[in-house]
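User: Hi! I'd like to know how the labels on this structure are earned, so could you show it and take a few questions?

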Amino acid sequence: MADNDKPSREQAEAAVRTLLRWAGDDPAREGLLDTPKRVAKAYTDWFSGYAEDPADYLKRTFEEVEGYDEMIVLRDIEFESHCEHHMAPIIGKAHVGYLPDGKVVGISKLARVVETYARRLQVQEKMTAQIAQVIQEVLQPRGVGVVIEGAHECMTTRGVHKRGVSMITSKMLGTFREDARTRAEFLRFIDVGPGR
C-alpha cells in the first residue's frame, strides 16, 4: 500500500472505537478511553515488517571463512505473528539452515529476516516459503531449509478451541530438497518436536 493511501492515526483510532461499540462496549468509559491509542501503537509494533525489506539484512556478507562450506543452522528463532484470516496471534519458532557457497551472513541477520516476515499478516505456509526464497535469492547458497513450528490462536481461542496443537511447515531448496542426506542432517540439527 502506498503511504498516501495509508489511513491516518486518527482514522485507525476511530476504527478501534467502532469495533469496541460493535463488540457491545462503550469506548467512552474510563477503562477504554485510551484503548484506541494503545491499539494503534501496538499495530505499529506488530506490523512493523511492512516497513522493512528482509533482503536488506542479507546483503552484507563475509567471504573470509577459511573455506567453510558446511551447513549453517540457526534454530529456535522465536517469533510472534498474526494470521491474516482472523488477525489472531501465531506464536512459534523458526529454524533456518543453509549451505554457503563462498559467503556467509551474520546469524542475527537470519533472525531479522524471520522477524520481518513475522511482523506482517501471515499464513504460516507463505511465511515459510518467503523466508527460504529470500535467503536463496540474496545469498545464492547451495541450499536452504526452513522449518516453522507455530501455535495458531485463531484455532485455540475460537472455532474448534483446540489447545496444545502446533503446525509444522517446511520449505527446502537446492541441496536440501535434492539430497536426502542433507535434508536429514538439517532435520537432525533442528530436532523438531516435544521433549527436545
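Analyst: Happy to; here is how some of the terms apply to this model.
This is a predicted model, in which local features need pLDDT of at least 70, side-chain atom pairs count only at pLDDT 80 or more, and totals for chains, interfaces and linings use all residues. Residues are numbered from 1 along each chain as its sequence is written, and side-chain values use heavy atoms, with hydrogens and water left out.

User: What makes a set of residues a nonpolar core?

Analyst: The set consists of buried Ala, Val, Leu, Ile, Met, Phe, Trp, Tyr and Cys residues joined through side-chain atoms within 4.5 Å. Buried means under 20% relative accessible area, exposed over 50%, and partly exposed in between (1.4 Å probe, protein chains only). The largest such core here has 31 residues, and L58, F79, V96, Y98, L110, I131 and I135 are those with the most contacts inside it. Helix α5 gives the most to this core, with six residues.

User: How do you know that the length of α1 agrees with that of a helix?

Analyst: Helices are DSSP runs (H or I, at least four residues), numbered from the N terminus. The expected span is 1.5 Å times one less than the number of residues. Helix α1 has 15 residues (9–23), so it should span 21 Å, and its end C-alpha atoms are 21 Å apart, which agrees.

User: Why are the buried residues of α1 said to line one face?

Analyst: They are E13, V16 and L20. The arc is taken from the directions from the helix axis to the C-beta atoms. These residues fall within 55°, so they line one face of the helix. The face turned away carries the exposed residues L19 and W22.

How values were computed
Helices (H or I, at least four residues) and strands (E, at least two) are DSSP runs, numbered from the N terminus.
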